[in-house]
Amino acid sequence: MKLSNKTVHTLKKDFPIFKNNPGLIYLDNAATSQKPKQVIDVLKKFYEKEYANVHRGVYRLSSNATELYLKSKEIIAEFIGAKPEEIIYTRNTTESLNLLSYTLPSIINATNKKRDEIVLTEMEHHSNLIPWQQLAKRGGWKLKFIKLKGYELDMEDFKKKVSKKTAVVALCHVSNSLGTINPVQEIIKIAKEKGALTVIDAAQSVPHMKVDVLKVGADFLAFSGHKMMAPTGIGVLYGKKQLLEKMQPFMFGGEMIKKVTLNSATWADLPAKFEAGTPHIAGAIGLGEAINYIKKIGIENIEEWEKKLLDYTLEKIKDIKGIKIYNSGKNSSGILSFNLEGIHPHDVASLLDEQGIAIRAGHHCNMPLMKILGVPGTCRISFYLYNTFEDIDALISTLKKIKDKFKK
Ligand SMILES: *Cc1c(COP(=O)(O)O)cnc(C)c1O
């Protein structure tokens, strides 16, 4: 379905939050997304009619729950071009990246002890920074950061920093502050030539654009369900099968074992090896349904619509005097950071909130990036498929009023 302002107004009716909060203009989709009734209904149905634990029971209810759980993996795998056994459920992107920071060293050491550098970028979310910092602190690893050139990555700097010593290259597909879409295919190709492992933080890409893991070429890719209309508490780590098979588990306990004695244990096959304990069954089923919802509209159509919203905003926002925009204008997804000269971002956000407009203000889990931009924080708007031109008109006119108010 091609999206237009008219069709989006119809789609918006699928989201009860807007009916229950009349006048709400929700522009904080990079933080989390609203849920359509299709997803909410599936959760309700599961808890009211189908609920049981997975894998354990031989009774009908449990085997049905197991089937629903496994089906959700097939839906996700198909959506990103992976195999179901390459989909590991985690709580969120953060947990997926932590898992890697703990378990990747087990396969790097095995292949080459001299590889001790981890290449990140200056625009990483804290989730793709602090786990690697902690790994470096545990000893034996060094961090390197690809510099920015404007609001994009400096590819020359990347080529200098990646070498035969690089163990891991880990970066975001789309920056959650700048909206920049990084040239991940090119970066991964170069990283692979040097023999490095590659990790993509896809928290801001998988919900908004077509991502095919084989095309991207990364060894690992992480994203969160709650940013793509699914419940909180369910996230995904994709990994190439032959690598996941070699890696040590991250957590230990029930469901992830093959055979256990009092003093030893062996591990289950993929993906169970990485899913210790009872998983977020309802969350997984909800994520499958959220992807069904996206597929019905078409991810390409969502991407195209958000691009239209961004272009429309960039065109209108220029007219506001004293506005500073932190966006390259090209190669950007539907995320836009800005500041109004002389007004603290938190003040802008609270004044917008008085008009029912929800935006994020602050460092967006990007403190080092804010330091590079030379600001304590920014205002950030971010779109999803239910945003309309009217949302942007309201934003712009309110920003103009805020600007005038502060002039006096
Ligand atoms: C939101 C986000 C994360 C963290 O996601 P969680 O769901 O909070 O774990 C990581 N990276 C990027 C780029 C994000 O936008």
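In this predicted model, Asp201 offers a polar side-chain atom that lies 2.5 Å from a nitrogen atom of the ligand. Two other side chains approach ligand oxygen atoms, and the table sets out these polar pairs together.

| Residue (side-chain polar atom) | Ligand atom | Distance |
|---|---|---|
| Asp201 | nitrogen | 2.5 Å |
| Gln204 | oxygen | 2.6 Å |
| Ser224 | oxygen | 2.7 Å |

The ligand's surroundings also include Asn92, Thr93, Thr94, His125, Ser127, Asn176, Ala203, His226 and Lys227.

Lys227 deserves a second look. You will find Lys227 in the loop that joins strand 9 (220–224) to strand 10 (235–239). Is Lys227 buried or exposed? Lys227 is buried, and it has no salt bridge. Asp201 holds the nearest side chain of opposite charge, 7.0 Å away. What the side chain of Lys227 does reach is the backbone oxygen of Ala30, at 3.3 Å. Among the residues that Lys227 touches are Ala31, Thr32, Ser33, Pro207 and Tyr384, along with Ala203 and Gln204, and those last two also belong to the ligand's surroundings.

Now to helix 13, which spans residues 345–354. Its buried residues are Pro345, Val348, Ala349, Leu351 and Leu352. Viewed down the helix axis, the buried residues fall within an arc of 165 degrees, so they line one face of helix 13. They pack against strand 14 (335–340), strand 15 (357–358), strand 16 (360–362), strand 17 (378–382) and helix 15 (389–407). Asp353 and Glu354 are exposed, on the face turned away from the buried side of helix 13. Just past the end of helix 13 comes Gly356, with a positive phi of about 80 degrees.

Notes
Residues are numbered from 1 along each chain as its sequence is written. This is a predicted model: local features need pLDDT of at least 70, side-chain atom pairs count only at pLDDT 80 or more; totals for chains, interfaces and linings use all residues. Side-chain values use heavy atoms; hydrogens and water are left out. Buried means under 20% relative accessible area, exposed over 50%, partly exposed in between (1.4 Å probe, protein chains only). Helices (H or I, at least four residues) and strands (E, at least two) are DSSP runs, numbered from the N terminus. The arc is that of the directions from the helix axis to the C-beta atoms. Contact means heavy atoms within 4.5 Å. Lys and Arg count as positive and Asp and Glu as negative; His and the chain ends are not counted. A salt bridge is a side-chain nitrogen of Lys or Arg within 4 Å of a carboxyl oxygen of Asp or Glu. A polar contact is a pair of N or O atoms within 3.5 Å; within protein, one must be able to donate a hydrogen and the other to accept it, and residues adjacent in sequence count only if both atoms are side-chain atoms. A residue is near a molecule or strand if one of its heavy atoms lies within 4 Å of it. Lists of a residue's contacts leave out its neighbours within four places in sequence.
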